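Colleague: I would like a close look at one part of this model, the aromatic pairs. Please also place them among the other side-chain contacts and the surface.

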Amino acid sequence: MDGLRRALGRLSLLYALIFLSFGLLHAGIAFGPVREPVIVPAAIVETLCAGAMFAGAYGVLAERAWAWDGLIYSHAAALGGVLMGILALALGAGPSSALLSWYHSVIAVLLATGLAGSFYVSRVRGATAPGSADRGATAPGSADSRRPRRRGPR
């Protein structure tokens with residue numbers, strides 16, 4: 001689980017840098033021969049996605065208590081931003097290019113995979129958390145969960 005945590009943290013950092021790069025491209029800053037049309041709303045959304053991914057990567061790599069929740073929220077927020085960009089391009093709201101189409105497709109798949117991995121680990125981690133068997137937790141819908149609990153002295 002620790003290896004997956006580190007991998008997702010490093011990938012989140014990489015995704016943040018990619019979002020930041022495309023945010024700069026949409027702000028009109030060219031990287032050598034790579035240029036993209038200036039789209040201010042896209043630059044804003046990609047900068048916000050970069051901030052969310054940096055926060056998620058920080059939480060995981062610094063081993064904060066909120067790390068897994070941070071990964072889920074940051075991946076979900078960034079995926080929402082990417083899907084909004086895909087929808088905007090599909091509706092013709094801005095100029096499109098082959099690089100933008102490729103970028104949106106690839107980053108959407110990567111973010112969805114990271115989100116699925118984060119959900120998986122948070123579920124497995126919750127089931128195997130220390131003391132989870134000692135708390136008397138029962139599965140929803142089981143006979144034990146439907147039995148009323150007594151409170152107070154008998």
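Modeller: What follows goes through the aromatic pairs, then the salt bridge, a surface patch and one helix. Keep in mind that this is a predicted model.

A pair of aromatic rings is described by two values, the distance of the centres and the angle of the planes. The structure holds three aromatic pairs. In one of them, the ring centres of F19 and Y103 are 6.4 Å apart and the planes stand at 80°, so this pair is edge-to-face; an angle over 60 degrees is what that label requires. F19 belongs to helix α1 and Y103 to helix α4 (residues 98–127), so the pair ties together parts that lie 84 residues apart in sequence. Both F19 and Y103 are buried. Another pair, Y58 with W66, is tilted, with 6.3 Å from centre to centre and 40° between the planes. Here the burial is of another kind: Y58 is partly exposed, at a relative accessible area of 43%, and W66 is partly exposed too, at 38%. F19 and Y103 also share one aromatic cluster with F22.

Next comes the charged contact. The structure holds one salt bridge. It joins the side chains of R5 and E63, at 3.3 Å from N to O. R5 sits in helix α1 (residues 2–26), while E63 sits in the loop between α2 (40–61) and α3 (67–90), so that distant parts of the chain, 58 residues apart, are linked. The two partners differ in cover: R5 has 11% relative accessibility and counts as buried because the limit is under 20%, whereas E63 is exposed at 58%.

Now the surface. L13, L17, L20, L24, I29, F31, V34, F54 and L61 make a nonpolar patch of about 680 Å². Two or more residues of the patch come from each of α1 and α2, and α1 gives the most, with four. One member, V34, is placed in the loop between α1 and α2 and is partly exposed, with a relative accessible area of 32%.

Last is helix α3. Its 24 residues, at 1.5 Å a residue, should span 34 Å, and the end C-alpha atoms are indeed 34 Å apart, which agrees. Several residues of α3 are buried, including W68, L71, I72, H75, L79 and V82. Just after α3, G92 takes a positive phi of about 75°.

Technical notes. Residues numbered from 1 in each chain as written. Predicted model: local features only at pLDDT ≥ 70, side-chain atom pairs only at ≥ 80, totals over all residues. Heavy atoms only, no water. Salt bridge = Lys/Arg side-chain N within 4 Å of Asp/Glu carboxyl O. Buried < 20%, exposed > 50% of the residue type's maximum accessible area, 1.4 Å probe, protein only. Expected span 1.5 Å × (residues − 1). Patch = residues over 30% accessible without salt bridge, like charges linked within 9 Å, V, L, I, M, F, W, Y side chains within 5 Å. Areas by Shrake-Rupley, 256 points an atom, 1.4 Å probe, with all protein chains shown as cover. Phe/Tyr/Trp six-rings, centres within 6.5 Å; stacked < 30°, edge-to-face > 60°.
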